[in-house]
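Grab a pencil and work through a few exercises on the structure below. Try each task before you read its solution.

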Amino acid sequence: MPKLNNANDLESLRSELQRARKNFRTTLTLCGGTGCQASQSRSVIDALKKEVNKQGLDKSVYVRTSGCHGFCEQGPLMVIEPGNIFYCHITPEDVSEIITQTLLNNVIIEKLLYTDPITGKKSQTEAEIPFYKAQDRQLLSQNRLVDPCSIEDFIAIGGYSALTKVLAKMTPEKIINEIKESGLRGRGGGGFPTSRKWADCKAAHGDEKYVICNADEGDPGAYMDRSILEGNPHLVLEGILIGAFAIGAAQGYIYVRKEYPLAVEHARIAIKQAREYGLLGEKILGSKFSFDVEIARGGGAFVCGESTALMASLEGKVGEPRPKDVHTVE
Ligand SMILES: Cc1cc2nc3c(=O)[nH]c(=O)nc-3n(C[C@H](O)[C@H](O)[C@H](O)COP(=O)(O)O)c2cc1C
Ligand code: FES
């Protein structure tokens with residue numbers, strides 16, 4: 001991987017990646033999230049890659065393994081572009097039919113379409129499915145567009161351009177003000193305004209500041225942190241970098257549940273790739289800003305998701321909360 005020395009290097013790489021992706025006539029995105037892996041999506045993905053190569057389609061068909069699309073009960077599932085065709089409950093035996101029928105002859109395979117359990121109506125595209133119709137996905141909407149293990153996929157859809165903008169054109173005060181105007185709030189139960197957290201941390205005593213990304217997610221079945229770290233870890237890293245620049249931190253931590261092995265693995269790969277490109281480390285993109293991230297794995301204690309217990313755990317102490325007479329940011 002070439003090290004990116006400035007914003008122009010990043011933009012050149014982005015153009016190159018976008019050009020390369022335009023050469024593919026079709027993109028098959030298979031979900032490789034934890035839910036779909038539990039219904040054997042790995043064997044479907046392997047069979048599909050094998051068949052694409054066997055039929056000599058590897059230059060025109062891009063097979064992407066993505067994170068969760070949200071509809072895990074229908075897995076293994078796939079979206080075919082162009083056309084936004086949605087197939088579900090796919091087995092390895094369906095693979096050759098998908099290639100010969102849908103890819104080469106534009107024939108829709110009825111048995112792989114989603115069937116509404118009440119009306120019995122079949123849907124051809126994701127957009128027609130009632131489950132998706134009622135949603136306006138924001139953070140998770142990109143999951144389908146990126147392979148979480150490919151920083152290139154993320155860069156191709158505009159990844160790290162917000163970081164470039166921040167480093168080139170914005171002061172920490174301006175960032176915090178923009179976050180305030182956006183109304184962005186924490187996704188924890190408290191809905192705490194993010195701008196206040198960042199402003200208080202920036203103003204706190206002491207030169208050493210840290211960013212901690214709380215991905216402990218103790219609430220059973222919540223899966224929001226897992227879905228984003230598993231599916232789009234670079235999005236999280238870019239957010240951490242912007243927060244770090246705003247508060248003046250040089251070090252960050254992602255505190256993530258040990259029971260989320262895929263999220264941990266994808267976060268690790270993302271950090272490694274970002275370091276190789278120079279998006280983490282010393283003098284990022286030729287600026288004066290240096291920053292790095294480490295992963296800390298939670299040991300399964302629900303209470304360690306609470307901010308003060310989490311910080312104690314990070315420091316190697318017993319993960320117990322303390323009274324907040326001194327606020328977390330201080
Ligand atoms: C017992 C307890 C457990 C918590 N567990 C979590 C958790 O698993 N993940 C989380 O993000 N916040 C958890 N919180 C909330 C955090 O203390 C903190 O408010 C939150 O991480 C702030 O997130 P925000 O930046 O999205 O506002 C917990 C709080 C308590 C009291
Ligand atoms: S893991 Fe595949 S849709 Fe959720």
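The exercises that follow deal with a predicted model, and each solution goes step by step.

**Exercise 1. Salt bridges**

Task: Find out which parts of the chain the salt bridge between Lys111 and Asp94 ties together.

Solution: Start with the contact itself. The side chains of Lys111 and Asp94 form a salt bridge, with N and O 3.4 Å apart. Next, place the two partners. Lys111 sits in the loop between helix H4 (95-105) and strand S5 (114-115), while Asp94 sits in the loop between strand S4 (85-87) and H4, so the pair links parts that are 17 residues apart in sequence. Finally, check how open each one is. Lys111 is exposed at 54% relative accessibility, because the cut-off for exposed is over 50%. Asp94 has just 7% and counts as buried, because that is under 20%.

**Exercise 2. A helix and a strand**

Task: Work out where Asp292 and Arg275 lie, and whether each is buried, partly exposed or exposed.

Solution: First, the distance: the closest N and O atoms of Asp292 and Arg275 are 3.0 Å apart, and the two form a salt bridge. Second, the location: Asp292 belongs to strand S9 (residues 292-298) and Arg275 to helix H12 (residues 261-277), so this pair ties together parts 17 residues apart in sequence. Third, the accessibility: Asp292 is partly exposed at 22%, and Arg275 is partly exposed too, at 38%.

Now widen the view. Salt bridges with shared partners join Glu81, Glu126, Arg137 and Arg144 into one network. A search of the whole structure turns up 17 salt bridges. Among them is the pair Lys59 and Asp58, at 3.6 Å from N to O. There, Lys59 is exposed at 66% and Asp58 is partly exposed at 34%.

**Exercise 3. Around the ligand**

Task: Describe what surrounds ligand 1, and say how much of its area the protein buries.

Solution: List the neighbours first. The residues around ligand 1 include Arg187, Lys197, Asn214, Asp216 and Phe302. Then sort the shell by type: it has 1 nonpolar, 6 polar and 5 charged residues. Now look for backbone atoms close to the ligand. A backbone N or O atom of Glu217 is 3.1 Å from an oxygen atom of ligand 1. For Ser307, a backbone N or O atom lies 2.9 Å from a ligand oxygen. Gly305 has a polar backbone atom 3.3 Å from a nitrogen atom of ligand 1. Last, the area: ligand 1 taken alone exposes 620 Å², and the protein buries 65% of that.

**Exercise 4. Backbone oddities**

Task: Look at the peptide bonds before Pro76 and Pro82, then at phi of Tyr160 and Tyr223.

Solution: Keep the usual pattern in mind: most peptide bonds are trans, and most residues other than glycine have a negative phi. Take the bonds first. Gly75 and Pro76 are joined by a cis peptide bond, with omega about -10 degrees. Pro76 is in the loop between strand S2 (61-66) and strand S3 (78-81). The bond from Glu81 to Pro82 is cis as well, with omega near 0 degrees, and Pro82 is in the loop between S3 and S4.

Then turn to phi. Tyr160 has a positive phi, near 70 degrees, and lies in the loop between helix H6 (151-156) and helix H7 (161-169). Tyr223 has a positive phi near 65 degrees, in the loop between strand S7 (210-215) and helix H10 (224-231). As for cover, Tyr160 is buried at 0% relative accessibility, whereas Tyr223 is partly exposed at 37%.

Note on methods. Residues numbered from 1 in each chain as written. Chains lettered and ligands numbered in written order. Predicted model: local features only at pLDDT ≥ 70, side-chain atom pairs only at ≥ 80, totals over all residues. Heavy atoms only, no water. Salt bridge = Lys/Arg side-chain N within 4 Å of Asp/Glu carboxyl O. Buried < 20%, exposed > 50% of the residue type's maximum accessible area, 1.4 Å probe, protein only. Helix = DSSP H or I, 4+ residues; strand = E, 2+ residues; numbered from the N terminus. Near = heavy atom within 4 Å. Polar contact = N/O pair within 3.5 Å; in protein donor to acceptor, adjacent residues only side chain to side chain. Areas by Shrake-Rupley, 256 points an atom, 1.4 Å probe, with all protein chains shown as cover. Nonpolar A, V, L, I, M, F, W, Y, C, P; charged D, E, K, R; others polar.
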